[in-house]
Amino acid sequence: MAETEERACCRGARVADSEELTKDAVRAACRDGIRSAIETQLDDADSTPIVIDGLPTIGKTHQASRVAAELDEQVAILTHRYETRDDHLAALKDHFEGNPVEIPTFDRTCPTKRGEHGERWKDRLSEYRARGASPTYLHHYFRDTLPCMDGKDCPYLARRDVVESADVVIGGPAHAGLEDVVEDRVVIFDEDPQETYQTEFDASDLAEYVSAFLANRDELPIDNYEQLRLVAGNKDGFAPQHETIRDFLTDSDSLDQQTEAIRDEGGHVEAPTAVFAFLELDGPTIGEASGHDWDDTLRSEAQLDYAELPDGASVVYDQKESRLVVRRAPDLSGTRAVVGLDGTPVERLWQGRLGADDIESWRVLCNDCRKQYLTEVVGYTFVQTTTSVKPYSSGEHVNENDDYGLIEGVANRHETKPNVITTLAAEDQLFENVSSEAFVYPDRVAEQIEDSKHYGNLRSSNDFEGTDVGIILGSRHPGDRAIQITAALEGYTAVRDEQTKGNELDYGIPGNPFLRHYREHEVAQAVLRFGRTSPATVYIHTSAIPDWLAEMVATDPSAVDIRSRREGERSILYSLHDDGPGTAGDIASRDTVTVGEKHTRDCLKRLHREGVVERNDTQPYCWQGTDLGDVPHTAAVDLPESNDLTSSQ
């Protein structure tokens, strides 16, 4: 559902009021959108949560803080990164008369969890936490033995006491599960909460946790995971056992149980949830098993099962990998208003993750105004260097020679050290390993970049702010299963069309929202990590970009030519650099050159056309290099000239 516009093409243009679309005007539009979204919900108790669709770079974090400072309501701002929380606290101090309170976190606030009382206690708490126990529960359960509770409350609990009365609190998305954080407050999620509210069990953990739970329940007719599978898979034959287990598990309001996390046998808070899920999921058909009717093809086509449990949890079971995913969305029914901030939102994901019946998305800038703002106001130049998706998540498809060549070519063109963003696997392969190919030197390339980071932890990051040259290498793809499970949680069956790949990859869902979320949107988020508040040229070495960003690409990708050099050509370059000029025969006879005279002559001619080597006018020609120390050694790279980029905007 989209917001009804009063006039003009978008909120940004409306706030600018037909004047120049300045940075201040766009930030004011963002602030106006956040404030209006809150006021809409305060005025109408039946209105839905609203997501502000605002590009990275328009200052959503700072504007949210300003709005929070001006409201006559208690506010909670929840965001993943500690540095972003610090930004909110700093901004609030500039606009807020009171003192905002940072919601304490286990890792940063509890001395025992920090390791101040020894590694044994630290590791013990980490283990319980990994099994789902809340920090508050652990402090109360171990009150008489925890070192940080010796005669007083741990700083973690002491700081929690002031949260409920504070006008503005800053924390993480997980804090939305705490009633004293969200009750009667305006809640602002700064970026998508992502998988915060999900718990995933692989096959071995699932069997261990379920068996530990059942073995400690004498009231139940089964005592291990395999027996549960048997009972769950034969509802007619084990009807009494089904009824006994169901009655036992639904005896309380919630299926999750904190006490399970502290069992020495290896329990987990969500073990009871997993047990109940199997009773729901292992029936003959998914529709009959769980009662939902949105897609009865999920099991047959995707080998997944889905159910909504009595306490509101949603579960997906992966039949192929015996994996279970539990999502327990926070209870936001007691909030005054809920607003999300996202540079690349997918409404269906926000709706499911917040447990909302519906959700609205308001865009700050339309596509035309996005282009004007990013290219003319901020000063971005986007150069797409390939027409291929280049899926780099596994590292299997990484083209080292092309990537090294592009990095060196960009560094030379701009006479600076660019920053690089790629996948974790590609980052390791490109910069952490020794190449298996002769005359390929990763260290040489690494020296020509300022820094590299990988996808996955970039949202809201300002690490590359002010960087004037950046390179994106390849795109992410989490794998078919991750996309299918994400889609299943939102009510869709995603099945990959094996006849499609690359730019045409299709999972059978109109618009492919879940693929775009993991791939195109992640690339866009990465692209806009560079510059942000200042001009930047970003080289995008993947075709996996959203349509609105593709419209801003300065030149056709075909204007960029990257040709990998083979071993013989690389050996000739290094010979000319290290051993000096020579005829083709002289060069071919050198120990470091790996090809014969004819091949050497052909390579020299190609390098001459490229402008990398020169020759004299006598026969036989004497060849010599031209600034070979700067020539990309793994690939010949032809980038658009700067004036071509400028004129194409």
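Biologist: What makes one say that the buried residues of helix 12 pack against other elements, and which elements are these?

Modeller: The partners are helix 11 (203-215), helix 13 (239-249), helix 14 (271-281) and strand 8 (314-318). Packing here rests on contact, meaning heavy atoms within 4.5 Å. Helices (H or I, at least four residues) and strands (E, at least two) are DSSP runs, numbered from the N terminus. The model is predicted, with local features requiring pLDDT of at least 70 and side-chain atom pairs pLDDT 80 or more, while totals for chains, interfaces and linings use all residues. Residues are numbered from 1 along each chain as its sequence is written, and side-chain values use heavy atoms, without hydrogens or water.

Biologist: Why are residues of helix 12 (residues 225-232) called buried or exposed?

Modeller: Buried means under 20% relative accessible area, exposed over 50%, and partly exposed in between (1.4 Å probe, protein chains only). Tyr225, Leu228, Val231 and Ala232 are buried. These residues lie on the same side of helix 12 because they cover an arc of only 120° around the axis, the arc being that of the directions from the helix axis to the C-beta atoms. Glu226 and Leu230, on the other side of helix 12, are exposed.

Biologist: What makes Asn224 a cap of helix 12?

Modeller: At the N-terminal end of helix 12, a side-chain oxygen of Asn224 lies 3.1 Å from the backbone nitrogen of Glu226. A polar contact is a pair of N or O atoms within 3.5 Å; within protein, one must be able to donate a hydrogen and the other to accept it, and residues adjacent in sequence count only if both atoms are side-chain atoms. The distance of 3.1 Å therefore falls within the limit.

Biologist: How do you know that strand 1 (residues 50-53) and strand 10 (residues 337-342) pair?

Modeller: Two strands pair if DSSP finds at least two bridges between them. Strand 1 and strand 10 have four bridges, in the parallel sense, so the criterion is met. Ile50 stands opposite Val339, and the bridge partner of Ile52 is Leu341. Four bridges also join strand 1 to strand 11, again running parallel, and there Val51 has Ser361 as its partner.

Biologist: Which residues of strand 1 point one way and which the other?

Modeller: Ile50 and Ile52 point one way, Val51 and Asp53 the other, and all are buried. In a regular strand, side chains alternate between the two faces of the sheet.

Biologist: Why is strand 11 called an edge strand?

Modeller: The open sheet of seven strands has the order 3-4-2-5-10-1-11, with parallel pairing. Strand 3 (101-102) and strand 11 (360-363) each pair on one side only.
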